[in-house]
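Please look at the sequence and the model shown here, and then read the report that describes them step by step.

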Amino acid sequence: MYISIYYSSITGNTKALADYVAEDLGSQGHQAAVFPSSAPDRDEDDEDRGICILAFWCRRSGLDDLSARRLSRWKGRKVLAVGTIGGNVEGDYGDRVRRNVSEQISQDNECLGVYICQGSVDLKRIERRRHLPEDSKHYVSDKKYRRFLATQGHPDREDLESVARAVRSALESHRDKPGD
C-alpha cells in the first residue's frame, strides 16, 4: 500500500513523528513517503495513490494552519491524522483535539482515525505569554509554565511507538473493511 505522509512542524516534533511512522510502515511492507505540508501538490499524489497521513501539531484544539491548508486541497481521500499536543493527551483537551480534527477531516474526506501523543512546546513562545497581564486568557502562570517544561523531551520513543502501533492498527482495520 502506498501512503503519503504530510507533516507541519515548528519544533521538529511532528517531523520526527512522520519520519518514525514512515519507517515503521516501511518495515511492515508499505511504501511510505514523507513531505512537508507546505510542499507543492505533486502529480503523482492523487486519490488513487492510497491513504494520506496528516502529521500535525495542535493549534487551538485543532490542526495547525499548514496542515489545515493541505487538508483543504483534498477531497474524497482516506485520511489518517497523527499529531502532537502540548496538553494532556488522555484528558478532556486530548478528546477535544481528536474530535475537532476528525470533524475537520470528515468535511470533505473519510477520517480513518486521529492519534495524538505528547509533544514539547516551543518555550520561546510560552515565555512571551508569561509577560502578559494575569487576566489575559493567554497568560501562562508559573504552574502552567512548569507543566510546559515537563513536555520537553517529547515525543519520546514510547510516544512514537504508541502512535506507530495505532497507525498499524487503523490500517489493518481499514484493510479488513469490505469494499476497501
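The report below moves from the chain as a whole to its strands, then to its pockets, and ends with a single residue.

## The chain as a whole

This is a predicted model, and the chain in it has six helices and six strands. When these elements are read along the sequence, they follow the pattern β-α-β-β-β-α-β-α-β-α-α-α. The radius of gyration of the chain is 17 Å, which is close to the 16 Å given by the globule rule for 180 residues, so the chain is as compact as a globular protein of that length. The C-alpha trace spans about 55 × 30 × 30 Å along its principal axes. Of the 180 residues in the chain, 44% are buried.

## Strand β5 and its partners

How many of the eight residues of β5 are buried? Seven of them are, and β5 is therefore largely enclosed by the rest of the structure. Strand β5 covers residues 78-85, and it pairs in the parallel sense with strand β6, residues 110-118, over eight bridges. Between these two strands the chain passes through helix α3, residues 92-106, and the resulting β-α-β crossover is right-handed. Strand β5 also pairs with β3, again in the parallel sense, and this pairing has six bridges.

Individual residues show how these pairings are made up. Leu80 has Gly113 as its bridge partner in β6, while Ile53 stands opposite Leu80 of β5. Further, Val82 stands opposite Tyr115, a residue of β6.

## The two pockets

The table sets out the largest pocket and the second largest pocket with their volumes, their lining residues and the classes of those residues.

| Pocket | Volume | Lining | Classes in the lining |
|---|---|---|---|
| Largest pocket | about 930 Å³ | 28 residues | eight nonpolar, twelve polar, eight charged residues |
| Second largest pocket | about 210 Å³ | 15 residues | seven nonpolar, two polar, six charged residues |

Which residues of the lining lie nearest the centre of the largest pocket? They are Cys58, Arg59, Arg60, Tyr93 and Arg129. The elements that give two or more residues to this lining are α1 (13-27), β3 (51-59), β5, α4 (123-130) and α5 (142-150). Strands β3 and β5, which pair with each other in the parallel sense, are thus both among the elements that contribute to the lining of the largest pocket.

In the second largest pocket, the lining residues that lie nearest the centre are Val89, Glu90, Ile116, Cys117 and Ser162. At least two residues of this lining come from β6, and at least two come from α6 (157-176). Helix α6 gives the most to the lining of the second largest pocket, with six residues. Strand β6, which pairs with β5 over eight bridges, is therefore also an element to look for when you examine the lining of the second largest pocket.

## A closer look at Arg98

Arg98 has its place in helix α3, the helix through which the chain crosses from β5 to β6. Is Arg98 buried, exposed or partly exposed? Its relative accessible area is 22%, and because buried means under 20% and exposed means over 50%, Arg98 counts as partly exposed. Arg98 and Asp122 are 24 residues apart in sequence, and from C-alpha to C-alpha they are 21 Å apart in space.

Note on methods. Residues are numbered from 1 along each chain as its sequence is written. This is a predicted model: local features need pLDDT of at least 70, side-chain atom pairs count only at pLDDT 80 or more; totals for chains, interfaces and linings use all residues. Side-chain values use heavy atoms; hydrogens and water are left out. Two strands pair if DSSP finds at least two bridges between them. Helices (H or I, at least four residues) and strands (E, at least two) are DSSP runs, numbered from the N terminus. A crossover is right-handed if, with the strands pointing away from the viewer, the path from the first strand over the helix to the second runs clockwise. On a 1 Å grid over the protein atoms alone, a cavity is a set of points where a 1.4 Å probe fits but cannot get out, and a pocket is an open set with protein on both sides within 12 Å along at least five of seven lines; lining residues have an atom within 4 Å of a point. Grid points are joined across faces, edges and corners, and a volume is the space filled by probe spheres set on the points. Ala, Val, Leu, Ile, Met, Phe, Trp, Tyr, Cys and Pro count as nonpolar, Asp, Glu, Lys and Arg as charged, and the others, Gly among them, as polar. The radius of gyration is taken over C-alpha atoms; the globule rule is 2.2 Å times the number of residues to the power 0.38. Buried means under 20% relative accessible area, exposed over 50%, partly exposed in between (1.4 Å probe, protein chains only).
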